[in-house]
Amino acid sequence: MEARSMLDPMHLARGAIFDLDGVIVDTARYHYLAWRRLACELGFAFTLADNERLKGVSRVRSLEILLAIGGVAADEVQRSEWLKRKNEWYLAHIATMTEAEILPGARGYLRQLRQRGRKIALGSASKNAPLILDRLGIAGLFDAVVDGNKVAQAKPDPEVFLRAADELGLPPSDCVVFEDAMAGIVAAHRAGMKVVGIGEAGALGDAEWIVPGLHAFVTPEMSASML
Ligand code: B16
Ligand code: MG
């Protein structure tokens, strides 16, 4: 485990707030396929490197970035139409998703935290988050779900995490955020929460802990039934 501190991030905190895409499941590749299809129809290329810029970013902001890449101007009506179509393509991919797509260690770690009496919330920019949790069969592991439908301001605004703490009935300082994107790490710090950065150190700013994935927290003591 690559960590700035080897201490258990949930040793003292009573609440854990998880981002969805990139932490619990890799939906970024489905977003990529849908955005790439839109870019293709608009006549320009959209690469995997471009897609990195959309991680953790709201749907509306993602379209703005995509159109800037292609140098395409469009009015609100046209943008709404494209957002709708992109989401339909994305949902077609989500419909084929199975429980096997939960990232390694995620289910086991959520269950471990529940056993330890911790409260668990989702704090995601995705408006499709409840549907995805259902498809993964893990909706019941969350005490609160705060997604893109519940907040007015997208990350890096702290609203999503502050609302999650509120729904858990905990002060922000009692919550730790698990995030894979810079926008989310900034949002968590603005909310007054410490962050476990998921991924590679260079891309995770000043997260207090850094691990490659939630599997880093799976201990030998965890029984096979929890995984
Ligand atoms: P939707 P997260 C984010 O999820 C994705 O990382 C980002 O790429 C996406 O644009 C955003 O959700 C909105 O998703 O189109 O489903 O509402 O990382 O915040 O869980
Ligand atoms: Mg994410």
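## Magnesium site

In this predicted model, Asp21 is buried, with a relative accessible area of 16%. Asp180 also counts as buried, at 16% relative accessibility. Because the cut-off for a buried residue is under 20% relative accessible area, both values of 16% fall within that class.

Both residues serve the magnesium ion (ligand 2), whose protein donors are Asp19 through OD, Asp21 through O and Asp180 through OD. These donors lie 2.0 to 2.1 Å from the ion. Along the chain, their spacing follows D-x1-D-x158-D. Asp21 belongs to the loop between S1 and helix H1 (28–42), while Asp180 belongs to the loop between strand S4 (175–179) and helix H8 (182–190); the pair therefore ties together parts that are 159 residues apart in sequence.

## Strand S1 and its two partners

Strand S1 comprises residues 15–18 and pairs with S2 in the parallel sense over 4 bridges. S1 also pairs with S4, again in the parallel sense and over 4 bridges. Phe18 illustrates both pairings: this residue stands opposite Leu122 in S2 and opposite Phe178 in S4.

## From S2 to S3

Strand S2 (residues 119–123) is mostly covered, with 4 of its 5 residues buried. Besides its pairing with S1, S2 is joined by 3 bridges to strand S3 (residues 144–146), and these two strands run parallel. Within this pairing, Gly123 has Val146 of S3 as its bridge partner. The connection between S2 and S3 passes through helix H6 (residues 129–136), forming a right-handed β-α-β crossover.

## From S4 to S5

In S4, 5 of the 5 residues are buried, so this strand is largely enclosed by the rest of the structure. The cover extends to both faces: Cys175, Val177 and Glu179 are buried on one side, and Val176 and Phe178 are buried on the other.

S4 pairs with strand S5 (residues 194–198) in the parallel sense over 4 bridges. In this pairing, Glu179 stands opposite Gly197 of S5. The chain passes from S4 to S5 by way of H8, and this β-α-β crossover is likewise right-handed.

## Surroundings of ligand 1

Ligand 1 is surrounded by 18 residues, of which the closest are Val57, Ser124, Ser126, Lys127 and Asn128. Ser124 places an N or O atom of its side chain 2.7 Å from an oxygen atom of the ligand. For Lys155, a polar side-chain atom lies 3.2 Å from an oxygen atom of ligand 1, and for Ser62 the corresponding separation is 3.4 Å. Taken alone, ligand 1 exposes 470 Å², and the protein buries 98% of that area.

## Leu66 in helix H3

Leu66 is found in helix H3, which spans residues 59–70. With a relative accessible area of 0%, Leu66 is buried. Leu66 and Ala45 are separated by 21 residues in sequence, and their C-alpha atoms are 9.9 Å apart in space.

Terms used
Residues are numbered from 1 along each chain as its sequence is written. Chains are lettered from A and ligands numbered from 1 in the order in which they are written. This is a predicted model: local features need pLDDT of at least 70, side-chain atom pairs count only at pLDDT 80 or more; totals for chains, interfaces and linings use all residues. Side-chain values use heavy atoms; hydrogens and water are left out. Buried means under 20% relative accessible area, exposed over 50%, partly exposed in between (1.4 Å probe, protein chains only). Two strands pair if DSSP finds at least two bridges between them. A crossover is right-handed if, with the strands pointing away from the viewer, the path from the first strand over the helix to the second runs clockwise. Donors are N, O and S atoms within 2.8 Å of the metal (3.2 Å for Na, K and Ca); water is not among the atoms, so sites may look incomplete. A residue is near a molecule or strand if one of its heavy atoms lies within 4 Å of it. A polar contact is a pair of N or O atoms within 3.5 Å; within protein, one must be able to donate a hydrogen and the other to accept it, and residues adjacent in sequence count only if both atoms are side-chain atoms. Accessible areas come from the Shrake-Rupley method with a 1.4 Å probe; for residues, only the protein chains shown count as cover.
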